[in-house]
Amino acid sequence: MNSLIDLANTIFKPLIDLGAAPLMTVILAIITFIFTKKLSKSLEGGLKLGIALTGIGAIIGILTTAFSQAMTDFVERTGLSLSITDVGWAPLATITWGSPYTLYFLAVMVIVNIVLLFINRTNTLDVDIFNIWHLSIVGLFAIYCGANLFVATLLVIFIGVMKIINSDLMKPTFNDLLNVPSSNPMTSTHMNYMMNPFL
């Protein structure tokens, strides 16, 4: 199993080291070019995504800085002594990406997604590799609670397949929200949307 983890780290670490914005810029540009878009349009789409991710990161940084003093003052004036802090997604993602298992889970889910496409069980190609941390943190927590790597991998695969199938189910909703034709390739594999079909 360690050899699989090492192989996943060797393949994906140089890509991850680019950072989220440059990595997603390159991935989106390549995928749109493969799907017969002009090179100029592919680069434009990739750059727009990179700019959007950079802007989101900047805004989150500004808001975190802006509210930290207000929260400190709130605690001092109310006398609250809270022992648990919700750190938000950014530190959790950073911690999760610090684990060598995350790249292993990424490699596993890339293979699972390709197999699902090959056997016609999904129409979704999940290119948002940054968000593998959502699945990875579940697998890491399972390992922390005593599960072995095999069981954690099965759990990650189960949740990963669910979110990929859910993205197929959510496709018409995204088409409606974006007011685009069904030929539009956009959908979302984000785990937050997994509750929507039930709702």
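How many of the 199 residues of the chain count as buried, in percent? The figure is 30%. Keep in mind that this is a predicted model.

**Stop 1: the whole chain**

Show the C-alpha trace. Along its principal axes it spans about 60 × 40 × 40 Å. Colour by secondary structure next. Seven helices appear, and zero strands. Read along the sequence, the pattern is α-α-α-α-α-α-α. Now draw a contact map, keeping pairs at least 6 apart in sequence. Of those contacts, 66% join residues at least 24 apart.

**Stop 2: H1 against H5**

Select residues 2-16 for helix H1. Add residues 100-118 for helix H5. The two axes come within 8 Å and cross at roughly 90 degrees. H1 and H5 are therefore roughly perpendicular to each other.

Show side chains on both helices. H1 brings Leu-4, Ile-5, Ala-8, Asn-9, Phe-12, Lys-13 and Ile-16 to the contact. H5 answers with Pro-100, Tyr-101, Leu-103, Tyr-104, Leu-106, Ala-107 and Val-110. Colour the contact of H1 with H5 by residue class: 12 are nonpolar, one is polar and one is charged.

**Stop 3: H5 against H7**

Keep H5 on screen. Hide H1 and select residues 149-178, which make up helix H7. What is the angle between H5 and H7? They pack at about 50 degrees, with their axes 10 Å apart. Angles of 65 to 115 degrees would count as roughly perpendicular. H5 and H7 are therefore oblique to each other. Their crossing is right-handed.

On the H5 side, pick Tyr-101, Tyr-104, Phe-105, Val-108, Met-109, Val-112, Asn-113 and Leu-116. On the H7 side, pick Leu-149, Ala-152, Thr-153, Val-156, Ile-157, Gly-160, Val-161 and Ile-164. The contact of H5 with H7 divides into 13 nonpolar residues, three polar and no charged.

Look back at Tyr-101 and Tyr-104. Both are listed in the contact of H5 with H1, and both are listed in the contact of H5 with H7.

**Stop 4: along H7 and past its end**

Stay on H7 and click Ile-165. At 38% relative accessibility, Ile-165 counts as partly exposed. Draw a distance from its C-alpha atom to that of Ala-21. The two residues are 144 apart along the chain, and the separation is 26 Å.

Move on to Asn-179, in the segment after H7. Check its backbone torsion: phi is near 55 degrees, a positive value in a residue other than glycine. Most residues other than glycine have a negative phi. Asn-179 is exposed, with a relative accessible area of 71%.

**Stop 5: the loop between H5 and H6**

Is Asn-120 buried or exposed? Select it in the loop between H5 and H6. Asn-120 is exposed, at 68% relative accessible area. Its phi is also positive, near 60 degrees.

Asn-131 sits in the loop between H5 and H6 too. Asn-131, however, is buried, with a relative accessible area of 13%; the cut-off for buried is under 20%. Show its side chain together with that of Asp-128. The two side chains make a polar contact at 2.8 Å.

**Stop 6: H4 against H6**

Select residues 89-97 for helix H4 and residues 132-144 for helix H6. They pack at an angle of about 70 degrees, with their axes 9 Å apart. That makes H4 roughly perpendicular to H6. H4 passes H6 in a left-handed crossing.

From H4, show Trp-89, Leu-92, Ala-93, Thr-96 and Trp-97. From H6, show Ile-132, Trp-133, Ser-136, Ile-137 and Leu-140. The residues of the contact of H4 with H6 comprise eight nonpolar, two polar and no charged.

**Stop 7: zoom in on Thr-96**

Centre on Thr-96, in helix H4. What is its relative accessible area? The value is 1%, so Thr-96 counts as buried. Which residues does Thr-96 touch, beyond those up to four places away in sequence? They are Thr-102, Trp-133, Ser-136, Ile-137 and Leu-140. Four of these names, Trp-133, Ser-136, Ile-137 and Leu-140, belong to the H6 side of the contact with H4.

Finish with one distance. A polar atom of the Thr-96 side chain lies 2.7 Å from the backbone oxygen of Leu-92. Leu-92 is itself among the H4 residues that contact H6.

Definitions and conventions
Residues numbered from 1 in each chain as written. Predicted model: local features only at pLDDT ≥ 70, side-chain atom pairs only at ≥ 80, totals over all residues. Heavy atoms only, no water. Axes fitted to C-alpha atoms, helices over the stretch in contact; angles between N-to-C directions. Helix = DSSP H or I, 4+ residues; strand = E, 2+ residues; numbered from the N terminus. Parallel < 35°, antiparallel > 145°, perpendicular 65-115°, else oblique. Left-handed = near helix turned anticlockwise from the far one by under 90°. Contact = heavy atoms within 4.5 Å. Nonpolar A, V, L, I, M, F, W, Y, C, P; charged D, E, K, R; others polar. Buried < 20%, exposed > 50% of the residue type's maximum accessible area, 1.4 Å probe, protein only. Polar contact = N/O pair within 3.5 Å; in protein donor to acceptor, adjacent residues only side chain to side chain.
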